[in-house]
Amino acid sequence: MEKSTIVAIVVLLVVVVGFIFKKLMDSEVKKNDPTLDDPRDSDTQLGNQGVKSHRDKH
């Protein structure tokens with residue numbers, strides 16, 4: 001392959017990976033929106049961030 005073809009493929013891959021990464025980051029921001037009915041992190045005491053205070057045990 002020519003050098004320019006390889007450079008074009010690498011640039012395209014970087015753009016695709018960047019787009020996927022941005023979509024994942026946007027979905028995480030949406031999940032952590034404080035205006036949701038059931039926030040993701042319900043127990044925000046110091047040291048407990050990310051741990052839910054109640055678990056559904058079936």
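Contact here means that heavy atoms lie within 4.5 Å of each other. The legends below describe a predicted model.

**View 1. The chain as a whole contains one helix and zero strands.**
The helix, H1, covers residues 3-31. Of the 58 residues in the chain, 2% are buried. The chain has an accessible surface of about 5,600 Å², and carbon and sulfur atoms account for 63% of that surface.

**View 2. Met-1 is placed in the segment before helix H1.**
With a relative accessibility of 80%, Met-1 counts as exposed, because the exposed class begins over 50% relative accessible area. Once neighbours within four places in sequence are set aside, Met-1 is in contact with Ile-6 and Ile-9.

**View 3. A nonpolar patch on the surface includes Met-1.**
The patch has an area of about 620 Å². Besides Met-1, its members are Ile-6, Ile-9, Val-10, Leu-13 and Val-14. Ile-6 and Ile-9, which belong to this patch, are also the contacts of Met-1 when neighbours within four places in sequence are left out. Met-1 itself comes from the segment that precedes H1.

**View 4. Asp-26 and Lys-22 form a salt bridge.**
Side chains of opposite charge can pair when their charged atoms come close. In the pair formed by Asp-26 and Lys-22, the closest N and O atoms are 3.4 Å apart. This distance satisfies the criterion for a salt bridge, because a side-chain nitrogen of Lys must lie within 4 Å of a carboxyl oxygen of Asp. The structure holds one salt bridge.

**View 5. The residues of the salt bridge, Asp-26 and Lys-22, are both located in helix H1.**
Asp-26 and Lys-22 are four residues apart in H1, so about one helical turn separates them. Asp-26 has a relative accessibility of 39% and therefore counts as partly exposed. The partly exposed class lies between the buried limit of under 20% and the exposed limit of over 50% relative accessible area.

How values were computed
Residues numbered from 1 in each chain as written. Predicted model: local features only at pLDDT ≥ 70, side-chain atom pairs only at ≥ 80, totals over all residues. Heavy atoms only, no water. Patch = residues over 30% accessible without salt bridge, like charges linked within 9 Å, V, L, I, M, F, W, Y side chains within 5 Å. Areas by Shrake-Rupley, 256 points an atom, 1.4 Å probe, with all protein chains shown as cover. Helix = DSSP H or I, 4+ residues; strand = E, 2+ residues; numbered from the N terminus. Buried < 20%, exposed > 50% of the residue type's maximum accessible area, 1.4 Å probe, protein only.
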